[in-house]
Amino acid sequence: MEEGKMDENEWRYHGEGNKSLVVAHAQTSEEIFQHLQNIVDFGKNVMKEFLGENYVHCGEVVQLPLEFVKQLCLKIQSERPESRCDKDLDTLSGYAMCLPNLTRLQTYRFAEHRPILCVEIKPKCGFIPFSSYVTHEMKHKVCRYCMHQHLKVATGKWKQISKYCPLDLYSGNKQRMHFALKSLLQEAQNNLKIFKNGELIYGCGDARSPVADWRELAHHLKPFFFPSNGLASGPHCTRAVIRELVHVITRVLLSSSDKGRVGALRPGLRGPRVCEASPFSRSLQRQGKNTPERSGLPKGCLLYKTLQVQMLDLLDIEGLYPLYNRIERYLEEFPEQRKMLQIDGPYDEAFYQKLLDLSTEDDGTVAFALTKVQQYRVAMTAKDCSIMIALSPSLQDTSSDQRPVIPSSRSRLAFSVSVLDLDLKPYESIPHQYKLDSKIVNYYSKTVHAKDDAVVPTRLKESEDCTLVLHKV
């Protein structure tokens, strides 16, 4: 703030306490409003086009009384995760986004008295980089998620490595998908949550054993999958209920219930279909069996559409970072052009149309660099989104109930599928992503892969065709 350039008309009263009075610059509120409106527009004009309107709920920007926002923030502070409490909530602008409660069924009107189960899955990136710009050979063999797990455990974020591999979930092969979902249930980290009637009932933590959690979870789930109460309690009951949950979620993920324009992308799945670090794959290798690559995802299902959007990351961060630097050099020379480049919006139909250009031949222009950078930001958004699956018992005799229904062994469940966390990833995060990528790969290569290489020569597998050279003494 420069003295002489300050105008009292640009400031607004926001409230006061016993010893202080709060005013805020009007432009700050306008910027927050525009930021939230950009999120709404991006969902409506881009992600809804790619994924389908039934899956994407854009919400709307609303203005709230400042005192209400302040009191609400104080009320929920103790309920926030400790790891998130270093981030302050906006209590000055009064703007917020209003979204539907996605733990509820979203497709049709439903009877309030029916219990509702919701499974939230953050599937992460479902392919191995195929870009020729990749310099680390390991990235062509092991997926980002599996490599990152080792760094997260080493830095103390998680206590043990998850057996979940996104490539198994995205394979379309039911055996691999079942293994992936069971792995998420065993070590959920922040990739799986389960809600019952809107209340969180399962999000596996390190403090409790998975076995204890599964027993408690099965108790909650039993009325959904075995309503006649024919199952006794105990380990057999727990396994049966968890198996039903896994099978139902798999069927829902493979179902098609919406249309989007994702067919316009068609980048085509390239690169390995199997991650070498996947515990499922490694287990089969030890048995001398090949991993079933993929049965193929139905083109109308949400996983297929999500994967197609993820694959807008055509160059990998290694190929993208030089293009980001090209844009930065241009903006240093012509800072007034940032708005024209639509880096900060508007995210409209014109923005969406540019994303459909899948060419990878660099003509050296800022336009080419900008298209690839915007595609990368959208791809990263799809890699970090959450899928919300809401389930509710469907009455056998309700002919007027037109909601999609999925059968389980002993029941029928109406369901809806929605996508959450569709904020476009910030342009400014690209340097961080570049450094993080290198850190993840280097740690994995130096520790895990090096350890594997040291072990391999000591093993002689019967199935291998090998020659022994004995030196004379």
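Reader: What does the secondary structure of the chain come to?
Author: It comes to 13 helices and 10 strands. Both are DSSP runs numbered from the N terminus, with at least four residues for a helix (H or I) and at least two for a strand (E). This is a predicted model, where local features need pLDDT of at least 70 and side-chain atom pairs count only at pLDDT 80 or more, while totals for chains, interfaces and linings use all residues. Residues are numbered from 1 along each chain as its sequence is written, and side-chain values use heavy atoms, leaving out hydrogens and water.

Reader: What is the order of the strands in the open sheet?
Author: The six strands run E7-E6-E5-E8-E10-E9, with antiparallel pairing. Strand E7 (199-202) and strand E9 (405-407) each have a single partner strand, so they stand at the edges and one side of each has no neighbour in the sheet. On average, neighbouring strands here are turned by 35 degrees against each other, direction ignored.

Reader: How do you know that E9 and E10 pair?
Author: Count the bridges: two strands pair if DSSP finds at least two bridges between them. E9 and strand E10 (residues 412-420) have three, running antiparallel, so by that definition they pair. Two of the matches are easy to look up: isoleucine 406 has leucine 413 of E10 as its bridge partner, and valine 405 stands opposite alanine 414 in E10. A hairpin through four residues joins E9 to E10.

Reader: And how many bridges does E10 have with E8?
Author: Eight, again in the antiparallel sense. In one of them, isoleucine 387 is matched with valine 419 of E10.

Reader: What makes E10 largely enclosed?
Author: Seven of its nine residues are buried, so the rest of the structure largely encloses E10. Buried means under 20% relative accessible area, exposed means over 50%, and partly exposed is in between (1.4 Å probe, protein chains only).

Reader: Why is cysteine 73 called buried?
Author: Its relative accessible area is 14%, which is under the cut-off, so cysteine 73 counts as buried. Cysteine 98 has 40%, so it falls in between and is partly exposed.

Reader: How many disulfides does a search of the whole structure find?
Author: Zero. To count, a pair of cysteine sulfur atoms would have to be within 2.5 Å.

Reader: Which helices lie on the sheet?
Author: Two to look for are H5 and H7. Helix H5 (residues 174-186) lies across strand E5 (117-121), strand E6 (192-196) and E7, at about 80 degrees to E6. Helix H7 (residues 235-254) packs on the sheet too, touching E5, E6, strand E8 (386-393), E9 and E10, and its direction makes about 115 degrees with that of E8. Touching, or contact, means heavy atoms within 4.5 Å. The angles run from 0 to 180 degrees between N-to-C directions, and axes are lines fitted to C-alpha atoms, for helices over the stretch in contact.

Reader: Why are H5 and H7 called oblique to each other?
Author: They pack at about 120 degrees, with their axes 10 Å apart. Angles under 35 degrees count as roughly parallel, over 145 as roughly antiparallel, 65 to 115 as roughly perpendicular, and the rest as oblique. The value belongs to the rest, therefore H5 and H7 are oblique. H5 passes H7 in a right-handed crossing. Residues making the contact include Met177 and Leu181 of H5, and Leu245 and Ile249 of H7.

Reader: What makes H10 oblique to H12?
Author: The axes of helix H10 (residues 316-333) and helix H12 (residues 366-383) come within 9 Å and cross at roughly 125 degrees. That makes the pair oblique. Their crossing is left-handed. The contact residues include Leu320, Leu323 and Ile327 of H10, with Phe368, Ala369 and Val373 of H12. As for handedness, a crossing is left-handed if the near helix is turned anticlockwise from the far one by less than a right angle, and right-handed if clockwise.

Reader: How do you know that leucine 323 is buried?
Author: Its relative accessibility is 4%, so leucine 323 counts as buried. Leaving out residues up to four places away in sequence, it touches Leu315, Asp362, Phe368, Ala369, Lys372 and Val373. The C-alpha atoms of leucine 323 and threonine 371 are separated by 9.7 Å, though 48 residues apart along the chain.

Reader: What about helix H9: mostly covered or exposed?
Author: Mostly covered: nine of the nine residues of helix H9 (residues 302-310) are buried. Among them are Leu303, Tyr304 and Lys305. In the chain, 45% of the 473 residues count as buried.
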